[in-house]
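Ready for a few exercises? Have a look at the model below, then work through the tasks one step at a time.

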Amino acid sequence: QALEDQYSPSRWSPRLDRDTIIDAHLAVTAAGTERARASAQTLLHVPYGSGDGEKLDIYFPTDPSETFPVLVYIHGGYWQCLSKDDSGFAAPPLVSQGVAVVAVGYDTAPKGHMDAMVLQVRRSLVFLAERYPRIRGIYLCGHSAGAHLAAMVLSTDWTEFQVVPDIKGAVLVSGVYDLEPILHTYVNDALNMSREVAQRNSPMRHVTAAVPEACEVLVAVAQHDSPEFRRQSQEWSLGPILPALLSPQALRAAGWSVSLLDLAGVDHFDVIEKLSEDSYVLTQVLRRAVPR
């Protein structure tokens, strides 16, 4: 039961009770996406593959230059709910600054399984790199399960795809980087992961050594995330607090340029919802992270 509580983000918010916070989150992200679609030039439901869920929504910059950077947003929902159709809420503050925003769809569980979801997100980036040569650098942003998928992108061996997307940065928000604890919770009821699948898809176990031009990684966590979510962000990005236990898999230990941002006064849900606001600290960080 303790583990169930730790991996139930709705139990940890001081704002709203666990029965209403998820509905409130769905309403906020849907309304924000509707506003973004009304105010930006968009290309919706662009197929990057043949699967039902393999589609992108593209929000183009207000004043696109000859080339422009792209922020790729990967939604959360514990790999089993939400969609790209609720994922454009962060676009307005970025498109106004000359940045394109792409919301990625993937097949959520139970239809999708973990290996397939990871592969789909990787393939979406290959599609963008091939289809849009005007892109000047790809920046990843993922929330919760989406942060996990973005982290798996960072461990990709691109040789099998014969294309190397120009990933210059990643902002990973309130993510899960070790899937093994989830095997013992309600979350795995829909995912139906074996231990082997969980290990194969745990970023904590698959950090590659950084190359000289490796991207900048910002790992963000909410004050009111559960202690277990906060621990995972800490250990994956910087390594355990005790030097004697420093994991060779931790990003910093592998030579990556990584920083950890602890965001005060927010929970697992509004930590990402507030990206629709110009004045929000994480919005400002994103704007600085993506050079025009």
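**Exercise 1.** Which residues is valine 72 in contact with, leaving aside its neighbours within four places in sequence?

*Solution.* First, the ground rules. This is a predicted model, where local features need pLDDT of at least 70 and side-chain atom pairs pLDDT 80 or more, while totals for chains, interfaces and linings use all residues. Residues are numbered from 1 along each chain as its sequence is written, and side-chain values use heavy atoms, leaving out hydrogens and water.

Now look for contacts (heavy atoms within 4.5 Å). Valine 72 meets Val102, Val104, Leu125, Leu128, Ile138, Tyr139, Leu140 and Cys141.

**Exercise 2.** Find out how many disulfides the whole structure has, and explain what you see at cysteine 81 and cysteine 215.

*Solution.* Step one: a disulfide here is a pair of cysteine sulfur atoms within 2.5 Å. The search of the whole structure turns up zero.

Step two: check the distances. For cysteine 81, the closest cysteine sulfur is in cysteine 141, 17 Å away, so that's too far for a bond. For cysteine 215, the closest cysteine sulfur is also in cysteine 141, at 13 Å, again too far for a bond.

Step three: check accessibility. Buried means under 20% relative accessible area, exposed over 50%, and partly exposed in between (1.4 Å probe, protein chains only). Cysteine 215 is buried at 5% relative accessibility, whereas cysteine 81, at 39%, is partly exposed.
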